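Here's a quick briefing to keep beside you while you look around this protein. Have the viewer open and click along.

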Amino acid sequence: EMSHRKFEAPRHGSLGFLPKKRCRRHRGRIRSFPKDTPDKKCHLTAFMAYKAGMTHVLREVDRAGSMLNKQETVEPVTILEAPPMVAVGIVGYIETPRGLRALTTVWAKFLSDSVKRRFYKNWYRSKKKAFSSHASKDDEDADTQKELERMKKYCQVIRILAHTQIEKCKLRQKKAHLMEIQINGGANAAEKIDFGKELLEKQLPVDSVFAQDEMIDVIAVTKGKGYEGVVTRWGVTRLPRKTHRGLRKVACIGAWHPARIQYSVARAGQSGYHHRTEMNKKIYRIGKAARPMGDGKQGGAKPKIHPNATTEADLTAKAITPMGGFPHYGEVNEDYVMLKGGVPGPKKRVITLRKSCVPQTSRSATEKITLKFIDTSSKFGHGRFQTSKEKRKFYGL
């Protein structure tokens with residue numbers, strides 16, 4: 001008589017995410033950009049930001065027909081610090097039957113040290129000669145123009161090379177993250193190239209790429225958890241308490257034949273630090289910098305803050321940084337993006353934001369967001385006060 005399982009059940013864990021191993025890259029990579037739209041104006045399709053932490057907001061729901069319509073709701077949001085990126089190059093691709101092939105790259109004349117570090121394993125020991133011969137060429141403009149003309153003639157896909165200004169985030173790291181951002185829109189490649197050339201060596205603020213109420217996708221590497229057992233890694237059921245030799249196991253790892261363990265059986269191993277794309281995150285707010293770099297102390301006085309966490313209903317002059325700073329991150333002084341819900345990865349991780357690849361028509365996607373209150377109480381305890389001024393007033397200091 002053949003054995004059989006006592007209760008039928010669906011399998012635990014998806015096989016769509018195999019292999020569950022550590023990701024080779026730290027920065028989320030865009031595997032596909034949104035489809036090009038020649039009828040629209042030239043625009044960028046992605047950006048990079050750094051995860052600072054989470055808080056919650058109060059808002060009034062505007063969704064006709066919903067039970068929550070015209071009612072207040074409290075929702076979790078993630079804050080991503082997004083200082084302006086800097087465009088430093090243009091890449092042209094030719095569409096071939098086997099996919100895209102890079103034709104040529106044109107670099108800007110000046111590159112900051114933060115991005116040059118990206119081309120070295122060990123910056124302080126190196127001679128720091130990257131791009132020095134490129135910058136000292138006299139006939140540079142002629143060469144650049146020649147390459148751009150080649151691009152205009154042969155290329156179909158144009159992307160700009162842009163890097164983050166990580167030094168503005170005060171994260172200890174000095175090496176900038178560099179990525180390709182596709183230029184969509186424009187009637188032909190020449191329009192895209194002219195658009196890209198205008199951006200070279202210029203700062204690209206996040207609000208030039210995204211807007212409030214837009215639905216976007218986030219691409220990041222998740223929080224690493226190390227070596228985990230099957231119950232945590234796959235979500236299989238624990239065995240009964242009296243089980244011999246442990247109960248956080250898979251009871252049967254396969255039949256006698258085939259005399260191998262099949263790939264679909266849950267096993268212990270690496271959990272977390274996987275590359276993931278999460279779709280349809282709504283932008284609740286794009287805030288301007290609270291204390292942009294360069295706003296030093298004028299005459300010993302504290303620099304003025306731009307109150308970027310104020311709403312129409314809550315006029316308290318306060319910045320987005322909660323009291324005591326974001327745990328494990330610090331202060332958010334640059335531009336920020338507020339997204340509904342969670343985002344993959346731990347604090348300080350670089351997060352790639354991409355425009356949605358599908359047309360957004362759902363009720364929640366088209367809803368206009370009006371925030372009534374943004375919580376800035378301490379995230380390191382029970383958070384009683386919204387600002388230090390309120391705390392001092394309460395204690396009569």
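How many bridges join strand β6 (residues 157-163) to β7? The count is 5, and the two strands run antiparallel. Keep in mind that this is a predicted model, where local features need pLDDT of at least 70, side-chain atom pairs count only at pLDDT 80 or more, and totals for chains, interfaces and linings use all residues. Residues are numbered from 1 along each chain as its sequence is written, and side-chain values use heavy atoms, with hydrogens and water left out.

**The overall picture**

- The protein has 7 helices and 15 strands; these are DSSP runs numbered from the N terminus, with helices being H or I of at least four residues and strands being E of at least two.
- Its C-alpha atoms fill a box of roughly 85 × 70 × 55 Å along the principal axes.
- Of the 397 residues, 44% are buried, where buried means under 20% relative accessible area, exposed means over 50%, and partly exposed is in between (1.4 Å probe, protein chains only).
- If you take contacts (heavy atoms within 4.5 Å) between residues at least 6 apart in sequence, 76% of them join residues at least 24 apart.
- About 23500 Å² of the protein is exposed, and carbon and sulfur atoms supply 53% of that; accessible areas come from the Shrake-Rupley method with a 1.4 Å probe, and for residues only the protein chains shown count as cover.

**Strand β7 and its partners**

- Strand β7 covers residues 178-184, and 6 of its 7 residues are buried.
- Strands count as paired if DSSP finds at least two bridges between them.
- On the β6 side, look for Leu161, which stands opposite Glu180 in β7.
- Strand β1 (residues 43-44) also runs antiparallel to β7, joined by 2 bridges.
- There, His43 has Asn184 of β7 as its bridge partner.

**Thr164, in the loop between β6 and β7**

- Thr164 sits in the loop that links these two strands.
- Thr164 counts as buried because its relative accessibility is 2%.
- Its side chain makes a polar contact with the side chain of Tyr50 at 2.8 Å; a polar contact is a pair of N or O atoms within 3.5 Å, and within protein one must be able to donate a hydrogen and the other to accept it, while residues adjacent in sequence count only if both atoms are side-chain atoms.
- Setting aside neighbours within four places in sequence, Thr164 touches Met48, Tyr50, Met85, Ala176 and His177.

**The β4-β5 hairpin**

- Strands β4 (residues 85-96) and β5 (residues 99-107) run antiparallel and are joined by 8 bridges.
- They form a hairpin with 2 residues between them.
- Want a landmark? Gly92 has Thr104 in β5 as its bridge partner.

**Glu367, a covered acidic side chain**

- Glu367 is in the loop between α6 (363-366) and β15 (371-374).
- With a relative accessible area of 3%, Glu367 is buried.
- The side chain of Glu367 makes a polar contact with the side chain of Arg59 at 2.9 Å.
- Beyond its neighbours within four places in sequence, Glu367 is in contact with residues including Val61, Asp62, Arg63, Asp213 and Lys282.

**Helix α7**

- Phe394 belongs to helix α7 (residues 388-395).
- Phe394 counts as partly exposed because its relative accessibility is 48%.
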